[in-house]
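Reader: I've got a model open and would like to talk it through. Can you take me around it, one question at a time?

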Amino acid sequence: MSDFNQPLGGNELARFSGPNTFMRLPSASDLTGLDVAFLGIPLDIGTSWRSGTRFGPKQIRAESAMIRPYNLQTGAAPFDSLNCADIGDLAINTFSLSDSLRVISESYDRILKYPLIPVAMGGDHSITLPILRSIARKYGPVALVHVDAHADVNDEMFGEREAHGTVFRRAYEEGLILPDKTYQIGLRGTGYAATDFTEAQEWGFQMFLAPDLWHKSLSGLGAEIRRDIGDRPVYVTYDIDSLDPAYAPGTGTPEIGGLTTPQALELIRALRGANIVGCDLVEVSPPYDTTGNTALTAANLIYELLCVLPGVKQK
Ligand code: MN
Ligand code: MN
């Protein structure tokens, strides 16, 4: 018997039944004693193109039911080391983006009173700004690993300063992140001007364009980033559209020529030992995910993130 919460096993209750929590972990409303809290943020009113990410958390949880506790490739045994639970969904206001961002930030302020690592299932990428506001209140400006097809550094979208494409400009302006320890990986596609990325590079953002990563292992880049971060608190934000639409079609703003699933695994696995203080996986849109593969991939990437959190032992 373990002292820690365990996912409900497939030999105890068939995997297609039972609770719709992440990996069939216990639900918790009391955060006392938790090391990791999984939560859903079912929001899609910050998107500019295809919506549907409000259904992301539910579908990621559904696909996560097949994941077993031990990572056979890396030896990680996260549930032997960390007490994990699913704390449900935040009560966002689907009629108001600004009110929803307030709810997210205030909820995180409450969650972060506990010494735990929050792992959020989005939701569109606009959820990350209020999370970072709260994270920075606790830890100060953090290093940021941002995996995405898009830099999300627009100034405004339809006059709105808070939307899924403006998150990291706001985070920079508000001093929530360390600009020279901000790594944007997988950027590609079309823009409004040839200079779309230059301003953020001048702030210090380190950008790694997808075409420069094609056909290459990301283990080396991941290790370099890991070394460059050092012991600083780091937040990891994973936009599923960083992957090629061949791997993750169920998303709002797909871009061809993206990363592969093995590259995503290499990148996450290289971050082991980093002082990760929170992470999210965003932009899974089940209505465009006809096979469920996008949510399945997202669920597994969240599991891989769990496997590299501080304190996870390897078998
Ligand atoms: Mn994004
Ligand atoms: Mn994106």
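Author: Sure, and one term first: buried means under 20% relative accessible area, exposed means over 50%, and partly exposed is in between (1.4 Å probe, protein chains only). This is a predicted model, so local features need pLDDT of at least 70 and side-chain atom pairs count only at pLDDT 80 or more, while totals for chains, interfaces and linings use all residues. Residues are numbered from 1 along each chain as its sequence is written, chains are lettered from A and ligands numbered from 1 in the order in which they are written, and side-chain values use heavy atoms, with hydrogens and water left out.

Reader: Let's start with the metals. Which residues coordinate the manganese ion (ligand 1)?

Author: Donors here are N, O and S atoms within 2.8 Å of the metal (3.2 Å for Na, K and Ca), and since water is not among the atoms, sites may look incomplete. The donor residues are spaced H-x22-D-x3-D-x86-D in sequence. At 2.1 to 2.2 Å, they are H125 (ND1), D148 (OD), D152 (OD) and D239 (OD).

Reader: How many residues apart in sequence are the parts that H125 and D239 tie together?

Author: Helices (H or I, at least four residues) and strands (E, at least two) are DSSP runs, numbered from the N terminus. H125 and D239 are both buried. H125 sits in the loop between strand 3 (117-122) and helix 4 (128-139), and D239 is in strand 7 (residues 233-239), so the parts they tie together are 114 residues apart.

Reader: And the manganese ion (ligand 2): what are its protein donors?

Author: The spacing of its donor residues in sequence is D-x1-H-x88-D-x1-D. Lying 2.1 to 2.5 Å from the ion, the donors are D148 (OD), H150 (ND1), D239 (OD), D241 (OD) and D241 (OD).

Reader: How far apart are the two manganese ions, ligand 1 and ligand 2?

Author: D148 coordinates both of them. D148 and D239 are both buried. As for the ions, the separation is 3.2 Å.

Reader: On to the strands. Which strands does strand 5 join by bridges?

Author: Two strands pair if DSSP finds at least two bridges between them. On one side, five bridges join strand 5 to strand 4 (residues 142-147), running parallel, with V145 partnering Y183. On the other, I185 stands opposite F208, and four parallel bridges lead to strand 6 (residues 206-209). That makes strand 4 and strand 6.

Reader: What is the handedness of the unit made by strand 4, helix 5 and strand 5?

Author: A crossover is right-handed if, with the strands pointing away from the viewer, the path from the first strand over the helix to the second runs clockwise. Strand 5, helix 6 (residues 198-203) and strand 6 make a right-handed β-α-β unit. The unit of strand 4, helix 5 (residues 167-173) and strand 5 is right-handed.

Reader: Strand 8: how many of its eight residues are buried?

Author: Strand 8 (residues 275-282) has parallel partners in strand 3, over three bridges, and in strand 7, over seven. The chain gets from strand 7 to strand 8 through helix 9 (residues 261-270) in a right-handed β-α-β crossover. Strand 8 is mostly covered, and the buried count is seven.

Reader: Why is helix 10 largely enclosed by the rest of the structure?

Author: Helix 10 covers residues 293-307, and its end C-alpha atoms are 21 Å apart, which agrees with the expected span (1.5 Å times one less than its number of residues). The buried residues include T294, Y303 and C307. Helix 10 is largely enclosed because, of its 15 residues, the buried ones number 12.

Reader: Now salt bridges. Which residue forms one with D155?

Author: A salt bridge is a side-chain nitrogen of Lys or Arg within 4 Å of a carboxyl oxygen of Asp or Glu, and the count comes to 15. D155 is partly exposed at 35% relative accessibility, whereas its partner is buried at 2%. The closest N and O atoms are 2.6 Å apart, and the partner is R170.

Reader: Is R61, the partner of D89, buried or exposed?

Author: The closest N and O atoms of D89 and R61 are 2.9 Å apart. D89 is in strand 2 (residues 84-89) and R61 in helix 1 (residues 56-64), 28 residues apart. With a relative accessible area of 6%, R61 is buried.
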